[in-house]
Structure formats: structure tokens, C-alpha cells
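Work through the following exercises with the sequence and the model side by side. Try each task before reading its solution.

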Amino acid sequence: MSNVKLMQGNEACAEGALAAGVRFFGGYPITPSTEIAESMAAMLPQVGGTFIQMEDEIAGIAVVLGAALAGKKVLTATSGPGFSLKQELIGYAAIAEIPVVIANVQRLGPSTGQPTSPAQGDVMQARWGTHGDHPMIALSPWTVKESFEVAIKAVNYAERFRTPVIILMDEIVGHLREKVELPDTKDIEIYPRRKPECSRAQGYEPFRPAADLVPNVADFGTGNRIHVTGLVHDETGFPSGSPKVTEDCIRRLHQKIEIAQDEITHYDEFFMEDAEYAVVSYGGTARTAYAAVEDARKKGIKVGMVRLMTIWPFADKVVKKVAEQVKAILVPELNYGQLVNEVERAAGGKAKVKLLAKYNTEIFTPNEICTAIEDLTAEVAD
Amino acid sequence: MRSYDKYFREHRLPHMWCPGCGNGIAMKAIVQAIEAKNLDQDKTVIVSGIGCSSRASGYMNFDTLHTAHGRAIPFATGIKLANPELNVIVITGDGDCTAIGGNHFIHGARRNVDLTVILFNNNIYGMTGGQASPLTPLHKKATTAPYGSVDRPFDPCHLAEAAGATYVARSTAFHVKHLSDMIFQGMGNKGFSFIEAITQCPIAYGRKNKLGDAPEMLKWMSETAVMKAAYDKLPEEKREGKFPIGVFYNSEFTEYTTAYQKVIDLAGGAR
């Protein structure tokens with residue numbers, strides 16, 4: 001049975017999270033993400049779940065981390081200023097290995113900035129916002145339908161890797177309304193909460209990694225009497241000041257994601273077969289980029305496009321392959337230049353990499369990006 | 001073997017607190033209340049923040065959560081709401097609860113979530129070496145108040161009551177049995193229960209303020225703390241230098257998870 005709805009990206013994100021099994025939402029209202037909280041407030045009690053509006057952004061993530069440890073799949077949502085405030089506990093979730101999804105519907109910053117104009121200025125904050133070394137998974141949808149799908153993926157990855165996952169949305173997609181055909185719930189793959197592989201008597205340790213390097217941390221209240229801390233800890237979960245334990249702990253946090261990177265790297269390629277130029281884009285900007293690439297094709301330019309859904313970990317292999325094929329890559333971003341540096345690094349000098357930056361509250365027009373493609377071809381010809 | 005030994009993780013002991021610290025007394029008072037209340041050890045979660053007090057969670061043999069600085073109450077709120085059958089006990093300190101966690105403290109009380117919050121008040125940031133906290137008394141010295149603190153301290157019991165806590169009590173590390181009784185009664189209250197446990201920090205607070213060693217600080221508690229009923233009868237001039245202990249406030253108000261279950265019923269869901 002088909003379930004066709006007209007909905008916003010934010011609403012689709014909430015629907016996707018619910019479909020993936022999220023039963024607990026905590027957060028603090030902030031535009032342009034508020035519709036996610038509002039949707040959850042209405043829907044969660046209908047399925048026996050819990051919604052709570054907290055006193056501030058920090059409490060908004062703390063409450064969901066507590067709920068996750070007590071067995072629920074959880075979501076919180078925010079935007080720039082709130083995303084900054086949540087950073088310490090994103091790091092807590094990384095080291096304590098608590099599954100949590102944070103939707104950040106980006107707006108123009110820094111600080112209060114331009115509320116609530118579109119921007120893509122939190123790309124690097126999503127990666128490095130919390131202190132210390134940690135891995136990060138961030139996914140960026142470019143359509144309303146994909147907001148639903150990304151939410152499901154984010155919840156599944158949070159559970160599978162026991163790590164924070166960021167849905168890096170932007171105001172464009174968050175507030176866009178499109179027709180969406182929601183899949184049947186039975187067709188949705190769900191990663192279940194990991195369970196201890198044996199009992200305490202049989203030697204269970206809550207932070208001992210399984211074969212995929214992810215520990216099967218028991219939920220609170222299941223008789224395992226585990227200890228969870230933000231201190232560096234060994235596989236028992238208790239803190240240790242040992243250099244070896246510290247090194248092993250930090251390394252494993254990274255490696256559990258690194259060994260699965262190909263599986264979690266999602267992207268689309270358009271017109272790449274004969275491409276001599278490429279546009280690498282993501283989020284709402286990729287919609288404009290697609291139209292610009294079509295226009296440039298009509299003008300006879302052999303340009304293709306790579307649209308990244310997985311922002312972090314960065315799609316090094318994908319971009320490297322593109323760089324080996326084309327003469328130059330254009331990276332349009334609604335910021336002063338963030339992901340472009342990753343593209344340049346991954347390209348490794350194999351292709352020229354050019355930034356098209358915009359940070360004035362307005363989104364790109366197809367013409368702006370098309371002109372930039374034309375300019376790039378001229379530059380390469382020089 | 002003492003009856004409450006099972007509530008401790010013996011392999012994590014001895015604790016890391018300084019000689020003479022009152023935190024061990026307060027921690028024991030908590031497990032004695034748990035024992036008296038006969039709480040299911042597998043359905044009881046201890047949540048703490050950051051600081052001297054908050055290292056207690058690691059020594060206690062339950063599901064335990066050592067959170068980030070100031071955030072124990074919202075983490076605990078999430079645990080209780082996610083699984084209302086769990087008994088959730090929060091251990092926090094004066095800096096953790098009333099400075100960096102102050103907003104969470106008043107809002108936890110406002111919601112009346114069924115948590116038992118025990119604040120170990122040693123009047124100082126002990127772990128970082130003796131900086132002033134919002135509960136450092138006026139004119140007392142700290143490393144960040146070398147000329148004496150000019151910041152007026154909170155009365156955390158008044159704060160809890162004003163914010164909506166439905167059980168508020170205070171005791172001290174000297175009044176061990178009384179402290180445990182105050183916690184026991186708090187565990188019986190279905191709602192946000194707050195117990196201030198005054199503990200001595202001879203190293204980072206007592207020494208700087210010439211309050212003597214641990215026995216002397218405990219003696220001070222015995223001489224200046226007055227049971228609430230007696231304190232209430234004291235004329236104003238005789239209250240000088242004294243402070244009350246006991247149950248200050250106890251009231252009935254719908255507990256949060258009960259209230260939210262009504263939301264679920266209204267929405268047509270089932271937990």
C-alpha cells in the first residue's frame with residue numbers, strides 16, 4: 001500500500017527516525033529545526049514513545065543519552081547555536097559509545113548570525129566540533145524523501161557503531177515541501193539494539209569489542225551492573241590512566257568506523273561517463289548544482305556531478321577517482337569554503353579544485369554555478 | 001562481611017578521596033538507605049556528574065553512569081523516562097549541581113521527575129584543588145577567593161523547594177544515621193527528592209579556612225546543626241551560627257512519568 005504525503009524535509013526526518021525505531025526525543029526549540037521536535041511531540045506518544053522539551057540545548061542531548069542507555073533509540077534536533085552547545089556531549093557519546101542521532105538543520109552563523117537563513121557553515125563543526133580525537137558520521141540529504149531515508153540510516157549507524165551520528169541538514173531541505181512516497185514499514189531495514197553476547201558469569205565485559213570492533217554494551221536495568229563514563233576506560237568500562245589503555249581506546253573508536261567506511265559512503269554520480277569537469281556538491285546546494293550541470297551540458301561542456309550524502313567520514317576514494325578522470329572540480333558551498341579543503345586533499349593535485357562560495361543568506365542560482373563552470377573551463381584552457 | 005558490602009564494587013576500592021573526606025560517609029549512608037528500602041540492585045541506577053562526589057558512582061555495584069560536569073540530572077531524567085521501573089539516584093556536588101548544573105537542577109525539580117538527588121556539599125571544588133563554589137560561605141577563602149568570597153551562596157534546599165521539588169531535606173556527615181534516614185525518606189517520595197549532605201573537606205576547604213582536621217570539622221557539624229523542629233523554636237538571635245537539618249518540605253504533586261503516561265494514553269499509544 002502506498003503512502004504518499006506532501007511534507008517538509010524536517011517532517012520527513014522525524015518520520016524516518018520514527019520508522020527506524022526512535023522512541024525518545026529530547027530537545028530545545030530552535031529555528032529552522034523546530035518542526036522535527038514538533039513532529040516528534042505529536043507522533044511519539046502515539047506509539048508509546050516519549051517526547052520531552054528540555055530547559056536548554058545541553059539538557060536536550062543529555063536526556064537522550066540517558067534514554068539511550070536505558071534502552072531507547074533516540075533523536076535530538078537543533079541548529080547552529082544549539083549545535084555548538086551540544087558539542088561536549090557529542091564527544092561524551094563518542095567515548096562512552098552511546099547511540100544517538102543529532103539532526104543539525106544548518107543556519108547562517110557564527111553566533112546568532114542570520115536567523116534563519118540557509119547556510120552550510122557547520123560542515124567542519126560536525127567533524128571537529130567536540131574536543132579531542134574522535135570519529136564522526138555525518139549524512140546530508142538533498143531531497144525531502146532522502147531526509148526520511150537518511151534519518152533511517154543515521155539511526156541504524158548510531159546503533160550499529162554505537163556512536164553519535166549527525167544528520168547534517170540545511171534550511172533549504174529542512175523547510176522544502178515535496179511529495180514523498182513513504183515505504184512500507186516491513187520494507188525498512190532496522191539495525192536492532194546490540195545485546196551482550198554472554199552473561200557476567202560467563203565473562204561479559206560491557207566495552208569488550210565484538211568482531212566489528214563495536215562493544216555490545218548492555219542496557220541499564222538488564223542485570224549487568226555496568227559502569228559508563230566519559231573518562232578513558234578499558235573494556236570493563238572503568239577508567240584507567242594507562243597510556244596503553246588510552247591509545248587502544250582512542251584507536252578503536254576510530255577503527256570501528258574506518259573498517260566500514262566503504263559501506264557507509266553514499267553518493268550519486270550524474271553525467272560522469274564522459275565528464276572532463278565535475279561539480280562536487282551536497283545538501284540543498286546540490287539541487288541547484290544539478291540544474292547548473294544540465295545547463296552547462298546544453299552548452300556543450302562535458303561536466304558531470306558527484307553528490308555526496310556521506311559527508312563524514314569524507315569520501316576520499318570517490319573524490320580521488322573523480323580527480324583522476326577530470327581536469328577540474330568545482331565545489332559550490334553556502335559557506336566561506338569548508339568541504340572544498342577535503343576535496344582538494346582527496347584530489348591530491350590530480351585535478352584543479354575550485355571553490356564557489358556564497359555566504360550572504362541567499363542560495364545559489366543555477367546560472368551562478370553554470371557561469372562558474374564556464375569560467376573554470378576557460379581557466380583550465382589558459 | 002557487612003550486609004551492605006554487596007552494594008560496593010570491592011575491586012574498585014579503596015576510593016580515591018583524600019584522608020578525612022566526608023564523601024565516603026555520605027556514600028555509605030546512601031547504600032544503607034538502599035538496603036533499608038530493599039531496592040532491587042539490578043533495577044537501580046546511580047548517576048553522577050563530575051567532581052569529588054561524583055566519583056562515588058564507580059564504587060557502587062549497580063548500573064552506574066558517570067556523566068559530564070553538571071549534567072547528571074538531565075541524563076537521569078532520560079533514564080527514568082525511558083524506563084520508569086528503574087530507581088534512579090543522582091549523586092552530585094555543590095559545584096556540579098548548583099553552578100554548572102544549576103539550570104538542570106531547578107528544571108528537574110520543576111518537572112518533579114522521580115529522582116532522588118543527593119548533593120554532597122563540601123563547600124568547595126575539591127577535585128580541582130579548592131576553588132570557590134556557589135555554596136562556599138560568604139567571606140570564606142578559596143584559591144579563587146584568596147581574600148574571602150564576596151559571592152553570596154545559595155541555600156540549595158530553599159532553591160529546590162522554590163523550584164518545585166516535592167521532598168527536601170538536609171543532614172550532615174556527622175549525623176550518619178539521620179542522613180541515611182533523610183535519603184530513605186526521599187526514596188519513598190514519588191517525585192523529585194533533594195537531600196543536601198553536608199560533608200567535610202579538610203584538605204581543600206578546611207585547611208585554607210583554619211577549620212581544623214576532619215574530626216574538628218565533624219565536631220563543628222555536631223555543634224552547629226540543629227534538628228528542624230528545635231531550630232524553628234529558637235529565637236532569631238539564637239539561630240546565629242546554627243543551621244537546621246531534617247525534612248524541610250514534603251508535598252504531593254503528580255510525578256512526571258505518571259503525567260507523561262497520561263499524554264501517551266491521550267495520544268492513543270501504549271508504552
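Two strands pair if DSSP finds at least two bridges between them, and helices (H or I, at least four residues) and strands (E, at least two) are DSSP runs, numbered from the N terminus. This is a predicted model, in which local features need pLDDT of at least 70 and side-chain atom pairs count only at pLDDT 80 or more, while totals for chains, interfaces and linings use all residues. Residues are numbered from 1 along each chain as its sequence is written, and chains are lettered from A and ligands numbered from 1 in the order in which they are written.

**Exercise 1. Describe the pairing and the burial of strand β4 of chain A.**

Step 1. Begin with the partners: strand β2 (residues 22-27) of chain A runs parallel to β4(A) and is joined to it by three bridges, with Phe25(A) opposite Leu75(A). Strand β5 (residues 100-106) of chain A also pairs with β4(A) in the parallel sense, over four bridges, and here Thr76(A) stands opposite Ile102(A).

Step 2. Turn to burial, where a residue is buried if 20 or more other C-beta atoms lie within 10 Å of its own, exposed if 12 or fewer, and partly exposed in between, with C-beta atoms placed from the backbone. Six of the six residues of β4(A), residues 73-78, are buried.

Step 3. Sort them by face, recalling that in a regular strand the side chains alternate between the two faces of the sheet. Lys73(A), Leu75(A) and Ala77(A) lie on one side, and Val74(A), Thr76(A) and Thr78(A) on the other, so that both faces are covered.

**Exercise 2. Find which residues of helix α6 of chain B are buried, and what they pack against.**

Step 1. In α6(B), residues 156-163, the buried residues are Pro156(B), Cys157(B), Leu159(B) and Ala160(B). Because these residues fall within an arc of 160 degrees when seen down the helix axis, they line one face of α6(B); the arc is that of the directions from the helix axis to the C-beta atoms.

Step 2. Their packing partners in chain B include α4 (94-100), α5 (102-111) and β4 (115-121). Just after the helix, Gly164(B) takes a positive phi of about 120 degrees.

**Exercise 3. Describe how chains A and B meet.**

Step 1. Count the residues, taking two residues as in contact if their C-beta atoms, placed from the backbone, lie within 7 Å. Chain A gives 37 residues to the contact and chain B gives 34 residues.

Step 2. On the chain B side, the elements that give two or more residues are β2 (63-66), α3 (72-82), α5 and α12 (256-267), and α3(B) gives the most, with eight residues.

Step 3. Look at the strands: β2(B) pairs with strand β9 (residues 227-229) of chain A in the parallel sense over three bridges, and His66(B) is the bridge partner of Thr229(A).

Step 4. Consider Ile79(B), which, leaving aside its neighbours within four places in sequence, is in contact with residues of both chains, among them Gly66(A), Phe220(A), Val45(B) and Leu86(B).

**Exercise 4. Locate two residues of chain B with a positive phi, and decide whether each is buried or exposed.**

Step 1. Keep in mind that most residues other than glycine have a negative phi, and most peptide bonds are trans. Asn38(B) has a positive phi of about 55 degrees although it is not a glycine, and its place is in the loop between α1 and β1 (44-48) of chain B. With 7 other C-beta atoms within 10 Å, Asn38(B) is exposed.

Step 2. Asn123(B), also not a glycine, has a positive phi near 65 degrees and lies in the loop between β4 and α6 of chain B. Asn123(B) counts as buried, with 26 C-beta neighbours inside 10 Å.

**Exercise 5. Place two cis peptide bonds in the model.**

Step 1. In chain A, Gly109(A) and Pro110(A) are joined by a cis peptide bond with omega of about 5 degrees, and Pro110(A) is found in the loop between β5 and α5 of chain A.

Step 2. In chain B, the peptide bond from Leu13(B) to Pro14(B) is cis, with omega near 5 degrees, and Pro14(B) lies in the segment before α1 (23-37) of chain B.
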